[in-house]
Amino acid sequence: MKQFNLFLLLLLPFLFACKDECEGIDCLSDEAFAFTIKSAESGEDLLFGSNAQLGLDDVEVYYMQNGTRQPVQFRAEANYVVVALAPEVTEYYITALDQTDTIRLAISSIGPSECCPRTQKVEDLTVNNQTPNQDSWVITLQR
């Protein structure tokens, strides 16, 4: 019995040393924003509505770098378009139906730390210098 107690005494530090200090910590990062385009007159969704007038090929998302348009990756989800954030970019342009909207973001970065890689958080977002509807994380653009 003394050997078993000695074994437990020697094993306990190893058990506590192996505890995951990062367990339960969420490393959530805002790496995208979402939008849809609706008719200003009828409110119908021009991208995903039953009579959609636009396809993803009709939409251009980009940012400017040294006076040159840089395309941004985006993809369609259920009823909105998701735009992947490019590192260090805080101003995006969305062009459709000969109209361009300007999306400005204030982003804070945290980390990296022992538990999380570098994470980003969108602190503020404006559309054409206006604060969008805060009822949803999907920005509604009007045409």
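Contact here means heavy atoms within 4.5 Å.

**View 1. The whole chain, one helix and nine strands.** This is a predicted model, so read every close-up below with that in mind. Going along the sequence, you meet the elements in the pattern α-β-β-β-β-β-β-β-β-β. The chain has 143 residues, and 29% of them are buried. If you take the contacts with a separation of 6 or more, 53% come from residues 24 or more positions apart. As for the outside, the accessible surface comes to about 10000 Å², with 50% of that belonging to carbon and sulfur atoms.

**View 2. The open sheet of five strands.** Here the strands line up in the order β3-β2-β6-β7-β8, with antiparallel pairing. The edges belong to β3 (68–71) and β8 (119–127); each has a single partner strand, so one side of each is left without a neighbour in the sheet. On average, and ignoring direction, neighbouring strands of this sheet are turned by 35° against each other.

**View 3. Where β2 meets β6.** Strand β2 covers residues 60–65 and is joined to β6 by three bridges, the two running antiparallel. To find your way around, pick out Tyr62: its bridge partner in β6 is Tyr93.

**View 4. Thr102 and its contacts in the sheet strand β7.** Thr102 belongs to β7, which spans residues 99–110. Is Thr102 buried or exposed? Its relative accessible area is 14%, so Thr102 counts as buried, the cut-off being under 20%. Set aside the neighbours within four places in sequence, and Thr102 is in contact with Glu91, Tyr92 and Tyr93, plus Thr126, Val127 and Asn128. Tyr93 is worth a second look, as this residue is also the bridge partner of Tyr62.

**View 5. Ala86, a buried residue in a loop.** Ala86 sits in the loop between β5 (81–84) and β6 (91–96). With a relative accessible area of 15%, Ala86 falls under the 20% cut-off and therefore counts as buried. Which residues does Ala86 touch, not counting those up to four places away in sequence? They are Tyr63 and Tyr92. Tyr92 turns up among the contacts of Thr102 as well. Ala86 and Tyr63 are 23 residues apart in sequence, and their C-alpha atoms are 9.0 Å apart in space.

Methods
Residues numbered from 1 in each chain as written. Predicted model: local features only at pLDDT ≥ 70, side-chain atom pairs only at ≥ 80, totals over all residues. Heavy atoms only, no water. Helix = DSSP H or I, 4+ residues; strand = E, 2+ residues; numbered from the N terminus. Buried < 20%, exposed > 50% of the residue type's maximum accessible area, 1.4 Å probe, protein only. Areas by Shrake-Rupley, 256 points an atom, 1.4 Å probe, with all protein chains shown as cover. Pairing = 2+ DSSP bridges. Axes fitted to C-alpha atoms, helices over the stretch in contact; angles between N-to-C directions.
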